[in-house]
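Hello,

Here is the structure I promised to pass on. Have a look at it first, and my notes follow below.

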Amino acid sequence: TLIQRSVKQHHLNLLFQAKSAATHPQPQADFLKGEPHRKHPGVTNLKTLRLPEELHVAAQSIIHRAQVNQLPEHIRKLTNFLWSRKRAVEDLTLRQKAVSLEKELWEKAMQKGGDIDEQAMEDRIRRKVLSELRRTTYHWAPMKYDEELGVVYMAARLAGGYAAVRRALNEIKKRDPSFAPHTLLDFGSGLGTVVWASHACWGDSLKEMVCVDSSGPMNILAERLLKGDDERAEPCIKQVYFRQFLPVSPKVQFDLVTAAFTLSELPNVKDREEAAFTLWRKTSSYLVLVENGTKEGHQILMEARDTLLKFYCTSLYLFIHLFQCSHELVCPKLAHELVTPCNFQQQYQPLSLPRHNDRQIEKFSYLILRRTEAVEEGTKGVEWARLIAPVLRRTRHVHCRMCCPDGQLQHMVVTARKHSRDMYRCARSSDWGDQMPIIRDVEEDVNSDSE
């Protein structure tokens, strides 16, 4: 009968599923922590970000009152300049290049033979070396902001800078929900975007926020933004203090220390290393560094990362935990010149300005370090990798490019049959910048433990 055939078919299906499960065992791990797959613990991306309404209105007012001539053109030029900005060439590198070039020119001169007036040749070679160095060396100069350039910077970078910092801080808020900072130190605070982004994350838990920037005009602009461009008004966010120098006392620490787009403004590697050490000593919990999502920005962050790890790795009582990196090995993105930098993106709504209204994408690199007194253990059987490129969702499979806990870059094609239904659904719900769970086979774990 029809019912009997239906029952028989159902039994066959169950038998097939049992055999399939035996052939392809799928380890289970409680990494979801009760969350649905689309909100698994590794998801830290945000939807299109908008500036807080008070900040947006104040910025529009300041820009309108400034009446900067040809503002769109100034915005374009400053944006391109900041994005292409490089580190200053170190003196030692410059000397080595000069010696190598001088040696090469002398060899060419000697190959020609004939009588050589050494003094005249030496002068000629010296002029050639200087000319070549001027032509090929990047001419770095510090940014000096007056009121007008500060307004142009605000129009160009306020929304994008806010989006990058907000996205970086959201990783802490999502993965460490118990963290509620009371104090904040922002080094190189500029327009105060870190204050606004931190307030959006933790609100009234912040009781003291210290903004340090050597530029007086930028500090004035940041205060105007907090007061809604009204000198007589109360600031939107209380307990914000502006300084031009870092607090001197080594005993003064802050729950959260940040430096956004600041290390790239320091003239040499020695100053950047000293800044990294100082900022790390100033934090009692987290240090967050953000730079442009360029090779230069990424390399500056890796300088700071390696400097701190090498210096503190011998401590028996204090550990630096790389909060957003999946490992503490050499960044695999630095190994190959042609590989794109380790960067991420955040969509945001820019200020309402002429030719500046469409949604834009901020590309940035960031580094989060946490001060901890013990090595943390994750969920047994699960490791987390970082998605370093857009996730490509296809029929019944997902392409994921990841930076894995073993320090290697991997292109993984995730399927429900091969990697488990949980991992597959998490992959479909994740995107560039999120963390992806990698479920190790139980047998693999047993073998590695016995070894």
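Does α6 pass α8 in a left-handed or a right-handed crossing? The crossing is right-handed. Please keep in mind that this is a predicted model.

Some detail on that helix pair. Helix α6 covers residues 147-175 and helix α8 covers residues 216-226; their axes come within 9 Å and cross at roughly 55°. An angle from 65 to 115 degrees would count as roughly perpendicular and one under 35 as roughly parallel, so α6 and α8 are oblique to each other. On the α6 side, the residues that meet α8 are E147, G150, V151, Y153 and M154. Their partners in α8 are P217, M218, L221, R224 and L225. Sorted by class, this contact has 7 nonpolar residues, 1 polar residue and 2 charged ones.

I also looked for enclosed spaces. How many cavities of 30 Å³ or more are there? The count comes to 2. The largest has a volume of about 190 Å³, and 19 residues line it. Lying nearest its centre are Q324, C325, C331, C342 and C403.

As for which elements build that lining, α10 (295-312) and β8 (360-372) each supply at least two residues. The biggest share comes from α10, which gives 4 residues to the lining of the largest cavity. By class, that lining has 11 nonpolar, 5 polar and 3 charged residues.

If you open the model, the helix pair and the cavity are the two places I would show you.

Best wishes

Terms used:
Residues numbered from 1 in each chain as written. Predicted model: local features only at pLDDT ≥ 70, side-chain atom pairs only at ≥ 80, totals over all residues. Heavy atoms only, no water. Axes fitted to C-alpha atoms, helices over the stretch in contact; angles between N-to-C directions. Parallel < 35°, antiparallel > 145°, perpendicular 65-115°, else oblique. Left-handed = near helix turned anticlockwise from the far one by under 90°. Contact = heavy atoms within 4.5 Å. Nonpolar A, V, L, I, M, F, W, Y, C, P; charged D, E, K, R; others polar. 1 Å grid on protein atoms, 1.4 Å probe; cavity = no way out; pocket = protein on both sides within 12 Å on 5 of 7 lines; lining within 4 Å. Points joined across faces, edges and corners; volume = space filled by probe spheres on them.
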